[in-house]
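Me: I should like to go through this structure step by step. Please reason briefly and end each reply on what was asked for.

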Amino acid sequence: EQTIPHCLTVEAIESDPVFSQENQYFQSQNERYEAAVRRAVYLQKKIREMGWSETGPEFQYIYRCLSGDVALLLHRVFIRSISVLGSDEQIAKWIPLATDYRIIGSYAQTELGHGTYLQGLETTAVFDTATQEFILNTPKISAMKWWPGDMGRSATHSLVFAQLYVHGKCYGVHPFILQIRSLQDHSPCPGVTVGDIGPKMNFQHTDNGFLRLQNVRVPRENMLSKFCEVQPDGTYVRWGSQKINYFTMTSVRIAILPGEVILPLMKACTIAIRYSAVRRQSKLKPGEQEAKILDYQTQQQKLLPQLATAYAFHFINTYLHELFNRGYQDIQGKNFDSLPELHAFSSGFKAMVSQHCTSGVEICLRACGGHGYSLLSGLPSLYTRIIASCIYEGENTVLFLQTARFLIKCFMAASAGQPIPPSVTYLSSVKPGKCPAKDKSDFLSPETYLKAYEQMAIRLISSSAAKLQHLIQSGVTKYEAWNQCTVQLERAAKAHCHYITVKNFVETVEKLDNKAGIQKIMKHLCDLFALHGIFTNMGDFLYDGYLTAAHMDLVTASYLDLLAVIRKDAVPLVDAFDFTDKNLNSALGSYDGQVYQRLYEGARRSPTNQQGNPAYGKYLKPLLQNTLSKL
Amino acid sequence: EALIANDPDFQHEDLNFLSRSQRYDQAIRKSALMVMKLREYGIADPDEVYMFKSLVHRGRPEPLDLHLGMFLPTLLTQATPEQQDRFFMPAWNLEIIGTYAQTEMGHGSHLRGLETTATYDPATQEFILNSPTVTSIKWWPGGLGKTANHAIVLAQLYTQGQCKGLHAFIVPIRQLGTHEPLPGITVGDIGPKFGYDEVDNGYLKMDNFRIPRENMLMKYAQVEPDGTYVKPLSDKLTYGTMVFIRAYIVGESARALSRSCTIAIRYSAVRHQSELRAGEPEPQVLDYQTQQYKLFPLLAAAYAFHFVGTYIKDTYRRISGDIIEGDLSELPELHALTAGLKAFTTWIANAGIEECRMACGGHGYSRCSSLPDIYVTFTPTCTYEGENTVMMLQTARFLIKSYMQVGSGQRVTGTVSYLNDLPRQHIQPQHVAARPATVLINDPVSLVEAYKARATWLVESAAKNLQAELNHRKNKDDAWNVTSVDLVRATDAHCHYVVVKIFTAKLSEISNAAVRAVLTDLCLLYALHGISKNPGDFLQAGILTNTQVNQVNQRVKELLAIIRPNAVALVDAFDYSDGYLGSVLGRYDGNVYETMFEWAKKSPLNQTEVHESFHKHLKPIMSKL
């Protein structure tokens with residue numbers, strides 16, 4: 001039912017030359033940035049013309065259609081943060097200004113010296129009772145804001161996170177609305193030094209910026225104060241958990257998954273699988289035509305698990321979004337009970353999904369041989385973009401450890417017989433002895449592999465907890481003990497997230513019982529996802545003793561059989577992701593399979609072939625003729 | 001070295017701020033200048049030329065790479081004395097700029113599938129070269145797009161109506177003097193890539209392009225004036241250049257990984273984050289166990305690959321000496337060794353560079369860290385000179401063949417000699433019986449045995465699975481394909497064993513006791529970390545018990561703490577200058593933040609205080625609403 005507005009939106013965007021991505025691979029940083037700004041502005045016009053809603057499903061389609069290659073996205077984060085963290089008066093004042101683009105906002109949290117560890121931020125906001133203002137400073141070079149998108153060149157305002165000081169006392173990190181550029185001529189405001197942070201691996205279209213503040217003053221009303229406030233006399237009042245300041249970040253971690261993380265993997269799978277069905281290499285059997293590379297077992301082993309992963313994450317994403325929508329409503333009602341679980345979910349899954357998708361995209365890139373290395377394949381830019389997701393919105397290792405902290409807490413609570421949140425109730429289940437599987441087909445039963453995953457997660461969590469306890473009891477300080485266990489804790493958190501993903505995949509497949517055909521294919525993918533996880537983490541499963549060496553041979557056999565089964569449906573399964581050729585923007589991944597023709601046309605359009613070769617006249621010719629005359 | 005580092009002619013703007021055309025332009029400028037200087041100083045020794053070139057280009061690829069690395073050596077090894085007279089000196093003097101055109105749009109690693117044709121015409125004593133299909137267009141050769149005026153083209157030779165397989169031809173492609181493509185030649189740049197911005201990888205399409213008979217490289221195979229084909233003595237000899245390049249790539253893996261480790265470890269000693277203990281100052285991120293666990297195993301791998309690179313280069317020299325003497329017996333082993341290790345080391349280094357980059361957090365993503373650049377320059381090594389999976393399977397073929405030989409009672413030599421220890425009878429269901437009763441986890445020599453047992457076990461399992469498929473399906477090729485995942489795994493274990501063995505053997509050659517102690521820790525970390533990453537193999541094969549795996553994991557963590565105090569010194573020992581590293585994060589003096597700010601100010605987006613797009617796009621929307 002969603003497909004009709006979807007198609008209309010796609011059609012409207014793709015037919016518009018302003019949104020064409022055709023020349024993207026040939027543009028410089030300045031050109032990419034300018035094109036992105038032009039698109040963002042033009043998009044506003046278009047949205048109004050077409051009567052689309054900026055909050056409705058259309059925006060998802062638009063974003064998908066533009067592959068995120070558009071400026072002023074942080075402006076949306078700015079708006080969302082004010083709506084969540086601002087008081088009613090602040091919302092009434094700032095939201096109309098921002099939605100009408102009378103101001104352009106950004107979100108400045110990360111600093112040169114600190115990222116994921118928010119308490120370490122060094123920017124200060126000191127309250128001055130006399131003038132009823134906050135004085136903002138970046139007292140040293142490492143305190144400079146660094147990385148915020150749209151800030152380098154575009155934004156007029158920024159939501160700046162700073163350590164709040166009142167009467168010499170520090171109250172921790174709070175958000176302040178700060179004007180950084182003149183609304184007349186766009187020049188930086190007094191006390192503000194702002195600019196672009198220079199070239200990156202990707203995101204050339206985004207002006208990630210730096211911001212240095214020297215005694216910049218903002219009125220008292222510019223501190224976002226839905227949950228806490230500094231009163232005129234300097235009294236600090238708080239109504240909710242301080243953690244709420246991070247709720248934007250927590251929900252952004254989940255919000256980025258479909259568009260920025262899972263979608264690139266789907267695109268990469270589409271490109272690599274379609275190309276593997278076109279590319280031929282060597283002969284599988286003498287005398288026959290050269291085989292499609294997708295018929296090689298090693299190629300299937302690279303790509304098909306990535307395809308299964310894309311589907312697994314598509315389903316876990318649906319699950320997470322439902323969870324977060326419920327949580328958001330609770331918080332609006334000032335009920336903060338679900339925050340720790342939401343936080344643990346957003347951290348662990350952001351880390352796991354981004355890690356798997358990033359390595360998946362890279363596997364797809366390398367599975368396309370030399371042509372994958374050409375920008376025209378679309379894969380290098382997908383890769384350089386998605387890898388940023390392993391760092392931004394929280395570095396993955398740190399995030400896994402946050403989830404681990406939650407898991408250890410829950411495990412301790414469960415051992416003490418206290419109630420624990422629904423997502424971790426499995427921690428209190430009883431340990432059975434051995435896996436009963438006897439035949440390779442037994443491993444196609446979700447019950448069998450789910451139990452194995454569950455056992456493995458419980459074991460990793462309980463053994464880290466035991467180790468931690470043991471260290472503390474032997475006199476090691478809590479902090480030191482934690483550091484000594486972090487390698488194991490990270491593994492435990494990964495195992496937990498992996499287990500939940502497999503479980504959710506199984507449950508999703510069960511719900512498809514009214515569509516038998518689809519259910520059957522999805523069941524194969526689900527089995528493949530689960531068995532691939534066991535195959536690649538054999539040690540963890542064997543170590544547990546729940547599975548034996550003989551079981552592993554069965555898992556391997558079943559897993560390799562599945563590759564051949566899914567091979568038949570591989571191309572329709574990526575076609576179902578429904579990317580248009582324009583959207584994929586890949587010479588290798590086009591629907592019609594005209595790979596070589598497109599590569600050749602792409603190369604001929606390259607600026608290197610359109611302009612003369614100045615290097616010949618300047619350097620090569622003198623060199624050649626210098627020799628000629630000597631000889 | 002200072003000669004080049006201080007030569008004002010070789011200085012240039014930060015490459016990160018240049019467009020692709022500008023980078024090509026800079027690289028060509030430096031290459032042209034370099035050749036002039038080489039002449040001026042009279043440098044001709046290949047090793048000295050390589051050194052000079054690497055300093056001028058700071059280890060980066062450049063448009064003359066294929067001229068120096070493939071065109072000239074191929075002339076030396078495959079041209080007749082007459083051909084050398086005609087082409088070598090002009091090419092040495094850069095009157096001729098050459099490249100090596102093998103890969104086509106439709107075929108890479110599978111050489112026999114190449115489609116370009118060279119048909120001999122006895123009437124005019126010429127070869128007629130054609131690219132008959134779109135897929136047969138030559139694609140990727142470096143320097144072909146804009147720089148070269150000649151190419152060595154690999155094409156299927158047709159004479160007297162018969163196809164004689166792939167042969168090499170010297171083909172002029174651009175007019176000397178004007179540099180315009182010759183009639184019948186379509187040539188150009190293949191467009192932007194992941195990296196290699198300074199190289200004009202090119203395409204080449206030939207339509208009935210004629211070259212004289214004497215332009216076929218005829219040291220081995222020949223076509224006589226009447227079209228009679230004379231076979232070469234061994235058709236394997238033409239692959240010599242590729243074996244050499246693969247051996248060289250193993251060294252590249254070590255260099256790329258050691259550069260990345262230098263940057264990540266130095267930066268981790270500068271960066272502070274969070275609290276380890278409440279109330280204390282923020283610690284260096286290098287003090288976190290998780291950070292050490294990311295970086296130190298890679299540091300160990302960088303050292304391991306360094307030793308492997310030296311070993312393989314020496315082996316290559318030794319065996320190619322034998323080949324010149326006419327002894328080809330070790331060629332299959334050399335081929336298998338270079339193919340497998342090329343794939344094994346590039347895969348690890350490729351992932352390792354990324355691990356280093358991500359260990360630097362957000363700043364690793366900035367081009368100023370240099371890590372993105374190292375990655376995009378290195379990652380094609382997984383593909384070029386033989387795609388890695390294809391390489392692994394070639395080595396697997398050698399392993400299986402050796403296994404079969406042992407089964408039929410012959411002895412095998414070299415790196416696979418461990419297969420001789422297999423029990424003769426293969427009827428009993430259980431795998432290898434003889435394996436070390438006790439693995440001593442603090443003894444590298446004992447760990448070599450454990451890796452050996454793992455390789456034996458996996459090679460044997462793969463061979464048995466292959467045999468089972470053969471019995472079951474009877475078709476050799478199908479059986480090979482459905483066993484290929486096992487075969488790659490077996491090869492991986494074989495290569496891993498070789499690396500651990502070489503690293504361990506190196507320890508006894510170190511005379512300085514302190515250095516030996518530190519390197520022994522690294523070697524142990526390399527070997528134990530490999531076990532803790534692949535415990536499944538060791539457990540399933542019964543080489544280690546659960547308790548031992550537990551001890552291994554524990555020991556790995558202890559080693560991290562032991563190596564920590566020496567970590568910075570160990571990367572300093574790689575001895576990369578700041579100029580060569582080109583990384584703000586990896587500076588020797590650790591002055592990261594100030595330098596990063598200065599660097600950013602030079603960004604092209606900052607050239608004016610207000611960017612022109614404000615006036616063009618933003619201002620109109622802001623005033624209208």
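Me: How many helices and strands are there in chain A?
Reply: The model is a predicted one. Both kinds of element occur in chain A, and the count is 20 helices and 11 strands.

Me: Why can chain A be called as compact as a globular protein of its length?
Reply: For 631 residues, the globule rule gives 25 Å. Chain A is close to that value, so it is as compact as a globular protein of that length, with a radius of gyration of 27 Å.

Me: What percentage of the residues in chain A is buried?
Reply: A residue counts as buried when its relative accessible area is under 20%. Of the 631 residues in chain A, the buried share is 62%.

Me: Which helix gives the largest share of the largest nonpolar core?
Reply: The largest nonpolar core has 301 residues, and A:Trp146, B:Trp139 and B:Tyr526 have the most contacts inside it. Its largest share is 17 residues, which belong to chain A and lie in residues 247–276, that is, in helix α6.

Me: Which residues of chain B are in contact with A:Trp146, leaving aside its neighbours within four places in sequence?
Reply: Contact requires heavy atoms within 4.5 Å. Within chain A, the partners of A:Trp146 include A:Leu112, A:Ile197 and A:Phe210. From chain B, the partners are B:His363, B:Met596, B:Phe597 and B:Ala600.

Me: How many residues are in the second, separate core?
Reply: Among its members are A:Trp52, A:Cys189, A:Val230 and A:Tyr236. This second core is separate, and its size is 53 residues.

How values were computed: Residues are numbered from 1 along each chain as its sequence is written. Chains are lettered from A and ligands numbered from 1 in the order in which they are written. This is a predicted model: local features need pLDDT of at least 70, side-chain atom pairs count only at pLDDT 80 or more; totals for chains, interfaces and linings use all residues. Side-chain values use heavy atoms; hydrogens and water are left out. Helices (H or I, at least four residues) and strands (E, at least two) are DSSP runs, numbered from the N terminus. The radius of gyration is taken over C-alpha atoms; the globule rule is 2.2 Å times the number of residues to the power 0.38. Buried means under 20% relative accessible area, exposed over 50%, partly exposed in between (1.4 Å probe, protein chains only). A nonpolar core is a set of buried Ala, Val, Leu, Ile, Met, Phe, Trp, Tyr and Cys residues joined through side-chain atoms within 4.5 Å.
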